[in-house]
Amino acid sequence: MNILLEILLSVLIVAGASFTFIGSLGLARLRDFYTRLHGPTKGTTLGVGCLLIASAIFFSTRDEGISLHEGLITLFLFITAPISAHLLAKAALHLKVESLVPLPDEAIERKNKQHQKYHSVD
Amino acid sequence: MQRFLPHPLLTVMLALIWLLLSNSIAPGQMVLGILLGWALPFFALQFWPDKVKVHKPLTLLKFTYILLHDIIEANFIVALRILGNPDKLRPAFIVVPIDLNSDFAMSILANTTCLTPGSLSALLAPDRKSILVHTMDVGDIDAFIHTIKTRYEQPLKEIFEE
Amino acid sequence: MIATAIHIAFVLVSAALALNFWRLLKGPSSPDRILALDTLYINTIALLVLFGIHIGSALYFEAALLIALMGFVGTVAMCKYLLRGDIIE
């Protein structure tokens, strides 16, 4: 295997694993739920993205024929990570999980009113 | 056209995804992918009644480039903040007013704010006029709102509305 | 060289999994635990992809794809449960 390619792959693999680790470190280390949410959604997504790109390059150069289907998981993770983060933040606001900064009460009240309306309908 | 091909963009996307999933570009897989891409939107029509139209493809390309660039930049920023002193962070909830009309553009904007500059969209106001964003470490709130509005909202408005 | 890089990466991802487990056990709130589970499945994908490169087999791709799909659905279902007290209304 080409030496340059090997260096590129090693860098991608180590960088991806480091980002994954830093994302989880944020999950364990930061002070309140809302800031903890940032680490996994960003760090981990890009970390796994890097690893998947490394895998795509590795199998494209190794076997006959190119292998791009790792891009599918990368794309899927990049679409779903914000959605699950958004839902988690919504659930935490709904449960009034403690935060370092004051929660936006007005928004919560509006949300709860909407919620009550929703339930009184059905 | 409208009746036989409800979502041309979705059809192309599905065909491409099928080719990626089967990991080959054999003619048979191409035909099957196009067939699936044509048939599946009829089932999804119910959940997605609005049409998505791309008015300016070049702006879309530019926006994608900005997005990728910002995702990588944001990751380094978030990594530095995690490795730094957690007590020095200045998190905040910020209400960002938006004036997008289409649902699709709005969800793209919410996802964009999630992946980019150390922020996270939390709640869409019921009147659809603002989103609540949580930021990890922000100094100047007005400048942050200005960045979101000019860097992400303006191009999205040009691409999907106008 | 790649072998060394993969070994370093194994250590880092395993440490990440341990940190996630710690957060999963500690909580303190239920969104915290769901977030820990969400991160756990994404890190598992990383570990599987690394293992695939390590033994040079593309077979693990399907498993990783399935974990990605199921993990996302699980996270959404649990968040919905917290928001509404019900999953299917």
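Let's start with the secondary structure of chain C. This is a predicted model, and chain C comes out with three helices and zero strands. From the N terminus on, that reads α-α-α. Of the 89 residues in chain C, 49% are buried. Take the contacts in chain C with a separation of 6 or more. Residues 24 or more positions apart make up 50% of them. Chain C exposes about 4,200 Å², and carbon and sulfur atoms supply 77% of that.

How confident is the predictor here? The mean pLDDT of chain C is 87, and 96% of its residues reach 70 or more. Among the elements of this chain, H1(C) has the highest mean, 90. H3(C) has the lowest, 88.

Stay with H3(C), residues 60–84. What span should its 25 residues have? At 1.5 Å a residue, the expected value is 36 Å, and the end C-alpha atoms are 36 Å apart, so the two agree. Now its buried residues. Here is the list: Phe61(C), Ala64(C), Leu65(C), Ala68(C), Gly71(C), Phe72(C), Thr75(C), Cys79(C), Leu82(C) and Leu83(C). Look at the spacing as you read down that list. An α-helix has 3.6 residues a turn, so residues three or four places apart point the same way. After the helix comes Gly85(C), with a positive phi near 75 degrees.

Next, the cores. The largest nonpolar core has 33 residues. Those with the most contacts inside it are Ile13(A), Val48(A), Ile73(A) and Leu77(A) from chain A, with Ile6(C), Ile45(C) and Leu50(C) from chain C. Which helices supply at least two residues each? From chain A, they are H1, H3 (38–62) and H4 (70–95). From chain C, they are H1 (2–26), H2 (30–55) and H3 (60–84). H2(C) gives the most, with eight residues. As background, nonpolar side chains tend to be buried together in soluble globular proteins.

Apart from that core lies another, of 27 residues. Among its members are Phe33(A), Leu93(A), Cys79(C) and Leu82(C). Two of those names should sound familiar: Cys79(C) and Leu82(C) were on the buried list for H3(C).

Zoom in on Ile73(A), back in the 33-residue core. Leave aside its neighbours within four places in sequence. Ile73(A) is then in contact with Leu52(A) in chain A. Across in chain C, Ile73(A) contacts Ile45(C), Phe61(C), Ala64(C), Leu65(C) and Ala68(C). Phe61(C), Ala64(C), Leu65(C) and Ala68(C) are buried residues of H3(C).

Thr74(A) sits in helix H4 of chain A. Is Thr74(A) buried or exposed? Its relative accessible area is 12%, so Thr74(A) is buried, the cut-off being under 20%. Not counting residues up to four places away in sequence, Thr74(A) touches Gly49(A) and Leu52(A). Leu52(A) is also a contact of Ile73(A).

A word of caution on chain A. Its mean pLDDT is 79, and 80% of its residues reach 70 or more. Helix H1 (residues 3–29) has the highest mean of its elements, 89. Helix H5 (residues 105–121) of chain A has the lowest, 53. Over residues 118–122 of chain A, pLDDT stays under 50. The model has three contacts beyond four places in sequence for that stretch. Where pLDDT is low, the predicted coordinates should not be read in detail.

Last, chain B. Chain B has five helices and three strands. The order from the N terminus is α-α-α-β-α-β-β-α. Of its 162 residues, 40% count as buried. Take contacts in chain B between residues at least 6 apart in sequence: 75% join residues at least 24 apart. The accessible surface of chain B is about 9,200 Å², with 70% belonging to carbon and sulfur atoms.

Two residues to look at in chain B. Asp70(B) is in helix H3 (residues 57–83). Asp70(B) counts as buried because its relative accessibility is 6%. Its side chain makes a polar contact with the side chain of His69(B), at 3.1 Å. Beyond four places in sequence, Asp70(B) contacts Thr116(B), Arg151(B) and Tyr152(B).

Then Pro8(B), in helix H1 (residues 8–22) of chain B. At 36% relative accessibility, Pro8(B) counts as partly exposed. Pro8(B) and Gly37(B) are 29 residues apart along the chain, and their C-alpha atoms are separated by 8.9 Å.

Conventions:
Residues numbered from 1 in each chain as written. Chains lettered and ligands numbered in written order. Heavy atoms only, no water. Helix = DSSP H or I, 4+ residues; strand = E, 2+ residues; numbered from the N terminus. Buried < 20%, exposed > 50% of the residue type's maximum accessible area, 1.4 Å probe, protein only. Contact = heavy atoms within 4.5 Å. Areas by Shrake-Rupley, 256 points an atom, 1.4 Å probe, with all protein chains shown as cover. pLDDT = per-residue confidence, 0-100. Core = buried A, V, L, I, M, F, W, Y, C linked by side-chain atoms within 4.5 Å. Expected span 1.5 Å × (residues − 1). Polar contact = N/O pair within 3.5 Å; in protein donor to acceptor, adjacent residues only side chain to side chain.
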